[in-house]
Amino acid sequence: MLRIRQPKSSSLLSGTRNKVLFVLLSLILILSAVRVLGLVAISSDMRHHGDSGKPPAEQQEAKLGFIFLTRGNHNQGKLWETYLANNMHKVAIKVHPKHPDAISQSFLVPNIIDDRVDTAWGEVGLIRATLNLLKEVFRDPNVNMAVLLSEACIPIKPFEFVYNKLAQSEKSWFIWQDADHMLPEFMERRVETIPKAMWMHHAQWMAITRKHAELVLEFSSEYLPMFRGSFTSDEHFFLTVLNLVGVDVQSEVQDRCVTFTNWRDSAEKGIHPVTYTNLTVADVQKFRASECLFARKFSVESDVGVHWNEILSQI
């Protein structure tokens with residue numbers, strides 16, 4: 001019988017194939033182990049950060065910024081402490097006091113900003129102080145909107161109502177007038193280097209988005225010097241600057257009341273609004289019916305605390 005002999009090289013090939021298979025199996029085992037370890041690490045990371053797998057900073061709740069211009073303590077500090085008591089995780093607070101040594105209220109003391117300037121009614125220092133407050137409050141990446149308040153302002157809507165209206169709003173809130181609808185006395189205050197069509201008038205008490213605040217801060221060094229000597233410049237600066245840098249104020253800024261101010265019944269019309277000390281039934285009803293979120297001016301002696309729960313109960 002003819003016996004076919006295997007070539008000598010076949011045994012060599014067989015050995016080589018075995019070595020290759022061994023290497024391939026080893027690689028497969030190593031890759032499988034790496035994959036398992038990777039999945040374990042991802043699972044651990046998700047347990048640490050939450051089911052979404054996002055780090056904690058991305059999951060944090062939006063915050064509402066409260067920025068205060070004050071002389072010292074707030075006139076109604078206890079009322080504010082009650083309002084904020086269960087909501088401090090939803091707010092960021094900054095205060096620019098004229099007399100920082102006079103601050104003793106718990107919600108203000110740790111939030112005094114270092115960069116303070118001299119301020120006087122109707123002068124450009126109020127703009128600088130407000131800009132410094134905005135710069136500080138928006139250092140918190142979770143703040144999208146900041147509300148400017150004074151020592152004489154109180155909330156007249158429940159916290160959740162205010163928070164839901166403002167915290168993630170994409171539009172700033174101002175009461176404003178453009179050049180076509182402005183009272184003549186406001187146009188007379190125009191800075192000569194700014195075209196009439198660009199000149200805006202607005203209430204000082206505003207709620208401003210991060211986007212708009214950052215734009216004003218970016219261009220403030222260019223435009224702020226123009227407003228030196230301009231009467232009540234704080235009632236023109238912010239929206240005029242936004243207008244000048246190309247923001248479509250008509251579509252991006254709501255003409256809405258942030259803070260109720262009673263000029264109509266003032267004995268000093270056009271100079272100082274009503275200061276409330278002893279509230280009447282009519283006053284309470286006025287606040288309850290208002291679409292504004294806050295109100296001013298309330299003195300230290302004001303009895304608003306007695307009526308406050310009734311004022312808030314309209315929602």
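This is a guided tour of the structure, one selection at a time.

The model is predicted, so local features are given only where pLDDT is at least 70 and side-chain atom pairs only at pLDDT 80 or more, while totals for chains, interfaces and linings use all residues. Residues are numbered from 1 along each chain as its sequence is written, and side-chain values use heavy atoms, with hydrogens and water left out.

**Stop 1: strand S3**

Select residues 143-150, which form strand S3. Strands (E, at least two residues) and helices (H or I, at least four) are DSSP runs, numbered from the N terminus. Seven of the eight residues of S3 are buried, so this strand is largely enclosed by the rest of the structure. Buried means under 20% relative accessible area, exposed means over 50%, and partly exposed lies in between (1.4 Å probe, protein chains only).

Now add strand S1 (63-70). S1 and S3 run parallel and are joined by seven bridges. Two strands count as paired if DSSP finds at least two bridges between them. To see one bridge, select Lys-63 and its partner in S3, Val-143.

Next, select residues 207-209, strand S8. S3 and S8 run antiparallel, with three bridges joining them. Val-147 has Ala-207 in S8 as its bridge partner. Strands of a sheet pair through backbone hydrogen bonds, either parallel or antiparallel.

**Stop 2: a sheet of three strands**

Which order do the strands of the open three-stranded sheet follow? The order is S4-S11-S10, and the pairing is mixed. Strand S4 (154-155) and S10 are the edge strands, each pairing on one side only. Select residues 294-296 for strand S11, which pairs with S4 in the antiparallel sense over two bridges. Ile-154 stands opposite Ala-295 in S11.

Stay here and select Arg-296 and Lys-297. The peptide bond from Arg-296 to Lys-297 is cis, with omega near 0°. Lys-297 lies in the loop between S11 and helix H11 (304-312).

**Stop 3: the largest pocket**

Select Gln-204, Trp-205, Glu-235, Trp-263 and Arg-296: of the 47 residues lining the largest pocket, these lie nearest its centre. The space in this pocket is about 1200 Å³. Pockets are found on a 1 Å grid over the protein atoms alone: a pocket is an open set of points where a 1.4 Å probe fits, with protein on both sides within 12 Å along at least five of seven lines, and lining residues have an atom within 4 Å of a point. Grid points are joined across faces, edges and corners, and the volume is the space filled by probe spheres set on the points.

The elements giving two or more residues to the lining include strand S2 (91-97), strand S6 (176-177) and helix H6 (184-187). Which strand gives the most to the lining? That is S10, with three residues.

**Stop 4: salt bridges**

The structure holds 10 salt bridges. A salt bridge is a side-chain nitrogen of Lys or Arg within 4 Å of a carboxyl oxygen of Asp or Glu.

Select Glu-61 and Lys-90, whose side chains meet in a salt bridge (3.9 Å, N to O). Glu-61 lies in the loop between helix H2 (56-59) and S1, and Lys-90 in the loop between helix H3 (77-84) and S2, so the pair ties together parts that are 29 residues apart in sequence. Glu-61 is partly exposed at 39% relative accessibility, whereas Lys-90 is buried at 11%. Add Glu-160: Glu-61, Lys-90 and Glu-160 are linked in a network of salt bridges.

Then select Glu-185 and Arg-189, another salt bridge (3.8 Å, N to O). Is Arg-189 buried or exposed? Arg-189 is buried, with a relative accessible area of 17%, and Glu-185 is partly exposed at 41%.

Arg-139 and Glu-136 also meet in a salt bridge (3.2 Å, N to O). Arg-139 is exposed, with a relative accessible area of 57%.

**Stop 5: two loops**

Select Thr-232, in the loop between helix H7 (210-223) and helix H8 (237-244). Its phi is near 45°, a positive value in a residue other than glycine. Thr-232 is buried, with a relative accessible area of 5%.

Finally, select Ile-271, in the loop between strand S10 (259-261) and helix H10 (281-289). At 39% relative accessibility, Ile-271 counts as partly exposed.
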